[in-house]
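Please open the model in your viewer and keep the sequence panel beside it. The stops below say what to select next and what is to be found there.

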Amino acid sequence: MSLESVKEHLNQWGREKDVMEFTTSSATVELAAKAIGVIPARIAKTLSFRGKEDKAILVVTAGDAKIDNKKFRQTFGFKARFLSPEEVLEQTGHAIGGVCPFGLKNPLDVYLDISMKRFETVFPACGSSNSAIELTCEEIFQYSSAKEWVDVCKGWEDNAEQEEDSVYSNVNS
């Protein structure tokens, strides 16, 4: 059901046929990166948090980013508390491993972390543990009806510098 709701959602932009379905699992950042053939950082992972009044909020981050609790609290005004797998399914309609900001069961606030902006395209899941779609940052913002770009992660900045160094050394080789 979840994959179908995502395809139906993406149909508004004529992108339902661009959903990739794999014969192997893409339920984790590492598995998705391997299935697609990209670095893990380019996987757009959707994290589900308990918001105000028990309504979930979704934060989509780069695959190598980790939530910075201090930045999260400063941005949202409350502590970062993940939903349980049952709550994620209940709130989003997607099971862990396929959670994405599209085709949601309930209207939820979606935020995109700036950790994704260093890439031309990223790969969010599409509602199942073996699917993804390649989107630009502008597309993921539009298709998810995101409220805004936020800076609530850590750990990816060092990777961004390494990626730039790697690209630079490849160009000069």
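**Starting at strand S6**

Begin by selecting S6, where Thr121 and Phe123 point one way while Val122 and Pro124 point the other way, and all of them are buried. Bear in mind throughout that this is a predicted model.

Keep S6 (residues 121-124) on display and add S2, which runs parallel to it and is joined to it by 2 bridges. Within this pairing, Ile43 has Phe123 as its bridge partner in S6, and Ala44 stands opposite Pro124 in the S6 strand. Now add S8, which is joined to S6 by 2 bridges as well, but with the two strands running antiparallel; here Val122 stands opposite Leu135 of S8.

**The whole sheet and the helices on it**

Widen the selection to the open sheet, whose 6 strands follow the order S8-S6-S2-S3-S5-S9 with mixed pairing. Its edge strands are S8 (135-136) and S9 (148-150), each of which pairs on one side only. Next select helix H2 (residues 29-36), which packs on the sheet by touching S2 and S6, and whose direction makes about 155 degrees with that of S2. Then turn to helix H3 (residues 69-76), which lies across S2, S3, S5 and S9 and runs at about 130 degrees to S3.

**Helix H4**

Which residues of H4 (residues 85-92) are buried? Select Val88, Gln91 and Thr92, for these are the buried residues of the helix. Viewed down the axis of H4, they fall within an arc of 80 degrees and so line one face of the helix. This buried set packs against strands S2 (43-50) and S3 (56-62), whereas Glu86 and Glu90, on the other side of H4, are exposed. Step just past the end of H4 to reach Gly93, which takes a positive phi of about 85 degrees.

**Helix H1**

Move to H1, and colour Ser2, Leu3, Ser5, Val6, His9 and Leu10, which are buried. A view down the axis of H1 shows its buried residues within an arc of 160 degrees, so that they line one face of the helix. Among the elements that cover these residues are strand S1 (20-21), strand S7 (131-132) and helix H5.

**The nonpolar cores**

The largest nonpolar core has 28 residues, and the members that touch the most others are Leu10, Val60, Phe102, Leu112, Met116 and Ile140. Helix H1 (2-10), strand S3, strand S5 (109-113) and helix H5 (137-143) each supply at least two residues of this core, and its largest share, 4 residues, comes from S3. Centre the view on Phe102 and show its surroundings: leaving aside residues up to four places away in sequence, Phe102 touches Val6, His9, Leu10, His94, Pro124, Ala125, Leu135, Ile140, Tyr143 and Ser144. Apart from the largest core lies another one, of 15 residues, including Val59, Phe72, Ala80 and Val150.

**The cysteines**

How many disulfides does a search of the whole structure find? The search returns 0. Select Cys100 and display its sulfur: Cys100 is in no disulfide, and the nearest cysteine sulfur, that of Cys126, is 5.8 Å away, beyond the 2.5 Å within which a pair of cysteine sulfur atoms would count as one. Cys100 is also buried, with a relative accessible area of 0%. Continue to Cys137, which is likewise in no disulfide, its nearest cysteine sulfur being that of Cys153, 13 Å away. Cys137 counts as buried too, at 7% relative accessibility.

**Last stop: Ser145**

Finish by selecting the loop between H5 and S9, in which Ser145 lies. Is Ser145 buried or exposed? At 57% relative accessibility, Ser145 counts as exposed. Check its backbone as well, for Ser145 has a positive phi of about 50 degrees although it is not a glycine.

Notes: Residues are numbered from 1 along each chain as its sequence is written. This is a predicted model: local features need pLDDT of at least 70, side-chain atom pairs count only at pLDDT 80 or more; totals for chains, interfaces and linings use all residues. Side-chain values use heavy atoms; hydrogens and water are left out. Buried means under 20% relative accessible area, exposed over 50%, partly exposed in between (1.4 Å probe, protein chains only). The arc is that of the directions from the helix axis to the C-beta atoms. Contact means heavy atoms within 4.5 Å. A nonpolar core is a set of buried Ala, Val, Leu, Ile, Met, Phe, Trp, Tyr and Cys residues joined through side-chain atoms within 4.5 Å. Two strands pair if DSSP finds at least two bridges between them. Axes are lines fitted to C-alpha atoms, for helices over the stretch in contact, and angles run from 0 to 180 degrees between N-to-C directions.
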